[in-house]
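Here is a short report on one protein chain and its ligand. It goes from the overall fold to single residue pairs.

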Amino acid sequence: MEKHLICIMCPMGCNLTVKEENGEISVTGNGCNRGVVFAKEELTCPKRIVTTSVKTKNGVKACKTTAPIPKNLMFDCVKEIEKLRLKDAKFGQIIIKNVLGTGADVIVTANE
Ligand code: SF4
């Protein structure tokens, strides 16, 4: 199996070629080892940071997960955030700790 990916770990955006043979994964095209880690994770358990907004009494505020979470939990994470109605939310405030047991928190990323 051969797959082509663009590494999203830094702005270089290296074009990765990932091959899987006999349970062994090999990666080429990477500018550094982070590309290997990214490619292997994409094949086994792809993860992304969730960025969305949370409702407050005065409108909405931007928020995000503090670390990438499994892609298959992204919609459930957004649903958890949609349940919230915050009285107040300050920049950096944790609004959900360990969201869905992922180890990542959800924090406010905007002042206004
Ligand atoms: S492989 Fe390394 S240099 Fe290339 S995009 Fe990924 S992190 Fe950046």
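The text below covers the whole chain, its sheets and the ligand shell.

**Overall layout**

The model is predicted. The protein chain holds 2 helices and 10 strands. Read from the N terminus, the elements follow the order β-β-β-α-β-β-β-β-α-β-β-β. The radius of gyration is 17 Å, well over the 13 Å that the globule rule gives for 112 residues, so the chain is more spread out than a compact globule. The C-alpha trace spans about 55 × 25 × 15 Å along its principal axes.

The domain assignment splits the chain into domain 1 (2–44) and domain 2 (51–108). Their centres, taken over C-alpha atoms, are separated by 29 Å.

**The three-stranded sheet**

One open sheet has 3 strands in the order β1-β2-β3, and the pairing is antiparallel. β1 (2–6) and β3 (24–28) are the edge strands; each has a single partner strand, so one side of each is left without a neighbour in the sheet. From one strand to the next, the twist averages 25 degrees.

β2 covers residues 15–21 and pairs with β3 in the antiparallel sense over 5 bridges. Within that pairing, K19 has S26 of β3 as its bridge partner.

**The ligand shell**

Which residues surround the ligand? They are C7, M9, C10, M12, G13, C14, N30, G31, C32, R34 and G35. By class, the shell comprises 6 nonpolar, 4 polar and 1 charged residues.

**The five-stranded sheet**

The other open sheet described here has 5 strands in the order β8-β5-β6-β10-β9, with mixed pairing. Its edge strands are β8 (85–86) and β9 (94–96), each pairing on one side only.

β5 (residues 51–56) and β6 (residues 59–65) run antiparallel and are joined by 6 bridges. A hairpin of 2 residues connects β5 to β6. On its other pairing, β5 runs parallel to β8, with 2 bridges between them. β6 in turn pairs with β10 in the antiparallel sense over 3 bridges.

The strand pairings of this sheet, with bridge counts, are listed here.

| Strand pair | Direction | Bridges |
|---|---|---|
| β5 and β6 | antiparallel | 6 bridges |
| β6 and β10 | antiparallel | 3 bridges |
| β5 and β8 | parallel | 2 bridges |

Single residue pairs fill in the register. T51 is bridged to K64 in β6. S53 has A62 of β6 as its bridge partner. K55 is matched with V60 in β6. K55 also stands opposite R85 in β8. Which residue of β10 stands opposite C63? That residue is V108.

In a regular strand the side chains alternate between the two faces of the sheet.

**The helix across the sheet**

Helix α2 (residues 74–82) lies across β5, β6, β9 and β10 (106–108). The helix runs at about 20 degrees to β5.

**In brief**

The chain is assigned two parts, domain 1 (2–44) and domain 2 (51–108). The sheet β1-β2-β3 is antiparallel, while the sheet β8-β5-β6-β10-β9 is mixed. K55 is a residue to look at in the view: its partners are V60 in β6 and R85 in β8.

Technical notes:
Residues numbered from 1 in each chain as written. Predicted model: local features only at pLDDT ≥ 70, side-chain atom pairs only at ≥ 80, totals over all residues. Near = placed C-beta within 6 Å. Nonpolar A, V, L, I, M, F, W, Y, C, P; charged D, E, K, R; others polar. Pairing = 2+ DSSP bridges. Helix = DSSP H or I, 4+ residues; strand = E, 2+ residues; numbered from the N terminus. Contact = placed C-beta atoms within 7 Å. Axes fitted to C-alpha atoms, helices over the stretch in contact; angles between N-to-C directions. Domains from an automatic or database assignment. Rg over C-alpha atoms; globule rule 2.2 N^0.38 Å.
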